[in-house]
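Q: I have a model open on my screen and would like to learn how to read it. Could you walk me through it, one feature at a time?

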2 protein chains.
Amino acid sequence: KPPDETDNANYFCEYAFLYHQMDMLEDEHRTGSYFNAIAWNPDSFKDKVVLDVGAGSGILSIFAAKAGAKEVFAVEATDMAVRSRKIIQAQGLSHIIKVVQGTVETVTLPYMVDVIISEWMGYFLLRESMLDSVLIARDRFLKPGGALFPSHATLFLAPVGSAKACREKQQTFDGERQHFDDFNDAMTNYYGSDFSCMRGEFLEEQRKYYLQTGMFVNLTPKQLASGGSPLLEIDLLRITVEDLKDVEKPLTCSMRISKDTQLEGFTGYFNVMFRGSPQNPTKEVIELTTAPTAGTATHWGQQLFGFFPPLQAKSGDVLECRLRIKRQKKNHRLLQLEAAFTLGSEGNVREKREDTWYVD
Amino acid sequence: KPPDETDNANYFCEYAFLYHQMDMLEDEHRTGSYFNAIAWNPDSFKDKVVLDVGAGSGILSIFAAKAGAKEVFAVEATDMAVRSRKIIQAQGLSHIIKVVQGTVETVTLPYMVDVIISEWMGYFLLRESMLDSVLIARDRFLKPGGALFPSHATLFLAPVGSAKACREKQQTFDGERQHFDDFNDAMTNYYGSDFSCMRGEFLEEQRKYYLQTGMFVNLTPKQLASGGSPLLEIDLLRITVEDLKDVEKPLTCSMRISKDTQLEGFTGYFNVMFRGSPQNPTKEVIELTTAPTAGTATHWGQQLFGFFPPLQAKSGDVLECRLRIKRQKKNHRLLQLEAAFTLGSEGNVREKREDTWYVD
Ligand SMILES: Nc1ncnc2c1ncn2[C@@H]1O[C@H](CSCC[C@H](N)C(=O)O)[C@@H](O)[C@H]1O
Ligand SMILES: Nc1ncnc2c1ncn2[C@@H]1O[C@H](CSCC[C@H](N)C(=O)O)[C@@H](O)[C@H]1O
């Protein structure tokens, strides 16, 4: 069976719930930034034909219609499409917004569009791989010179000094060794069945699916051991699905440590910018950021990955990272980060770490 | 796309983890009852050919081999099969137990078997619908006169007097009304978008996926307002997959209330018996029960369903239940209980309740 069918069925399942759409709508920084990006740039929407990729409740289509769009195609794969039609009708916008139920990869539209709006970002920016769908929509439906909202995205890494979540993770993981030994004693004593041959595989399973897996956190600025450093910068007009899948060339970034500290982990977060297109730039450039320094907690939080054990860093050290973002084989919407870190002052690497981390 | 493929992919996914197999193995009442049923009945296994349906770690196959089986086929769908082979080898039993990876619906065996062992029970006995697979295995592979371990299963209902979990559920559900109104105020005030047309659908979603959904609990005897009453009795040798899917005839049971009390809900739990077959009965009849009165908490706990609002019962009242166990359309491994309750003393029904509850 093709894994994509199963993944798709699971992926879309959640979005069919009002509860989940409301969770996103209630993220004020998220929804407010899209609102501002659209409502404060009416020139970008006045009399334009707009495509909303993954319309969900229809909110972005409503923003676009209110900003003066001539016609909006709200494409949504799940049954949420049926509800968005009611919501749009309640705003008196059914004459402008056409809801089309289906995947943007398979629907047809009567003509090309001037603007694509979409909220496709997942944890660590790329989880869910929904950006693929936006790029396919762009190649299928965007007029030359047309604009994407958002137009740019950047994924940042930053070293994390102190993080209780990482220490607790290490402790829980250490507890699993004892757990296994107790389990094996019971199996041997009660049932005469020795499971010790599974010890290594069990700990490996715990390492992969627990210890090395990213955590959802809301970090505070003081937990960071340096500012964020851009790892990946995406121009949505130019990047291709192939670029996103290309794992041969690792991404790199370099972080200058600002204090003597342990590094208990590293974090990934992102921003997106609404710049319009070169031919149709926005007058007001809006930024939506998930940075821990922004003071605007979002439903994305940040992803936190642990160094086990922590690294010992000094003020002025540089943490260099080479990292490949791969898709997990079992579920192409989840990520696997193959990373190599070095820490030291110029020319003198004191610590090296190579490992795989997961965004599940 | 056929729903079964997706369901199957999801269903089997979890069982491929050692963590999950260990959870089951560590349930002492579960694993211990299977151990006793097999080890204390060596006559049922000596020189027999055995099929283990859904062997997982291989533990039941190991018990059968140690009880004297001549040959055991351990059929397991997931990659746990590879691990069970190692575990079996570590016990020095590879010459007796043959691990066959695949679904029992599709594998082939060289000959028919004398005994089928399987641990197929889910929440509310039937969740996961794995009993289907056992019955298919029986029809494909069991010799006439052969035995099933377990041989019988009973699903019980009991009325629950006091249950904090039900009261809390009602409160949380009530809170969702306010949640929606706050949400709608924010959407209207900040974004000029009125979502009030979704109020009814949102509350309906919360009712179905939250309020009416069974909870995992470990009840204590004093919470019960009567003993358990059998709702469904299964003879594994005789029941068919069609019987299990037949929803036309509702199941019924009748519970005599033993004290003046509110009924905040009802609970479902089960037992299975190891009696062998009429031709080959077990000498020691073992029972594995998940009853709250048994003092043996299992990983199944009990399923608790709420009455909202509670019913007012008096000592001597009878709670009558007519209930259809259906499979959920979106996922045939999950259940939907369409039930009608009446409460009263003979000939005088004081309260009626008709509703659907879900086992998710
Ligand atoms: N390929 C695809 N085609 C159509 N819809 C898709 C899609 N991939 C994801 N989606 C939908 O995209 C939505 C992403 S969530 C964003 C919803 C809404 N635009 C908002 O900003 O609030 C989900 O509802 C999901 O079902
Ligand atoms: N149709 C089917 N064919 C083969 N294996 C199946 C199956 N349906 C479920 N299973 C497997 O059955 C197991 C049920 S859990 C029980 C595991 C083991 N017998 C024990 O008692 O500890 C899971 O490992 C699951 O993957």
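Q: Which polar side-chain atom lies 2.9 Å from a nitrogen atom of ligand 2?

A: In this predicted model, that atom belongs to B:E105. To read such a contact, look for N or O atoms paired within 3.5 Å. On the oxygen side of the ligand, B:R30 brings a polar side-chain atom to 2.8 Å from an oxygen atom of ligand 2, and B:Q21 does so at 3.1 Å.

Q: How much of the accessible area of ligand 2 does the protein cover?

A: The idea is to take the area that the ligand has on its own and ask what share the protein covers. Here ligand 2 has 580 Å² on its own, and 99% of that is covered.

Q: Which residues surround ligand 2, and what classes do they belong to?

A: A shell is read by listing the residues with a heavy atom within 4 Å. For ligand 2 there are 22 of them, and the closest are B:R30, B:G54, B:E76, B:V104 and B:E105. Sorted by class, the shell holds 11 nonpolar, seven polar and four charged residues. You can also ask which elements contribute: α1 (3-15), α2 (18-25) and α4 (59-66) of chain B each give at least two residues.

Q: What surrounds ligand 1?

A: Read this shell in the same manner. Ligand 1 has 22 residues around it, with A:R30, A:G54, A:E76, A:V104 and A:E105 the closest. The classes are 11 nonpolar, seven polar and four charged. Among the polar contacts, a side-chain atom of A:E105 is 2.9 Å from a nitrogen atom of ligand 1, and a side-chain atom of A:Q21 is 3.1 Å from an oxygen atom. The backbone can take part too: a polar backbone atom of A:A77 is 3.2 Å from a nitrogen atom of ligand 1. The protein covers 99% of the 570 Å² that ligand 1 has on its own. In chain A, α1, α2 and α4 are the elements that give two or more residues to this shell.

Q: How many residues does each chain bring to the contact between chain A and chain B, and what area is buried?

A: Start with the residue counts, then turn to the area. Chain A brings 43 residues and chain B brings 44. About 4,000 Å² is buried between the two chains, with carbon and sulfur atoms giving 65% of it. On the chain A side, A:M22, A:Y191 and A:E205 lose the most area to chain B, together 15% of what that side buries.

Q: How many salt bridges and polar contacts are counted between the chains?

A: For a salt bridge, check that a Lys or Arg side-chain nitrogen is within 4 Å of a carboxyl oxygen of Asp or Glu. The count between chain A and chain B is six. One of them joins the side chains of A:R83 and B:E205, at 3.4 Å from N to O. Polar contacts link 19 residue pairs across this interface. On the side of chain A that touches chain B, α7(A) gives the largest share, seven residues. That side divides into 22 nonpolar, 10 polar and 11 charged residues.

Q: Where are there cis peptide bonds in chain B?

A: Here the angle to read is omega. The bond from B:F149 to B:P150 is cis, with omega near 0°, and B:P150 sits in the loop between β5 (142-149) and β6 (152-160). Another cis bond runs from B:F308 to B:P309, with omega near -5°; B:P309 belongs to strand β12 (residues 302-313).

Terms used. Residues are numbered from 1 along each chain as its sequence is written. Chains are lettered from A and ligands numbered from 1 in the order in which they are written. This is a predicted model: local features need pLDDT of at least 70, side-chain atom pairs count only at pLDDT 80 or more; totals for chains, interfaces and linings use all residues. Side-chain values use heavy atoms; hydrogens and water are left out. A polar contact is a pair of N or O atoms within 3.5 Å; within protein, one must be able to donate a hydrogen and the other to accept it, and residues adjacent in sequence count only if both atoms are side-chain atoms. Accessible areas come from the Shrake-Rupley method with a 1.4 Å probe; for residues, only the protein chains shown count as cover. Helices (H or I, at least four residues) and strands (E, at least two) are DSSP runs, numbered from the N terminus. Ala, Val, Leu, Ile, Met, Phe, Trp, Tyr, Cys and Pro count as nonpolar, Asp, Glu, Lys and Arg as charged, and the others, Gly among them, as polar. Contact means heavy atoms within 4.5 Å. Buried area is the accessible area (1.4 Å probe) that two parts lose on being put together, summed over both.
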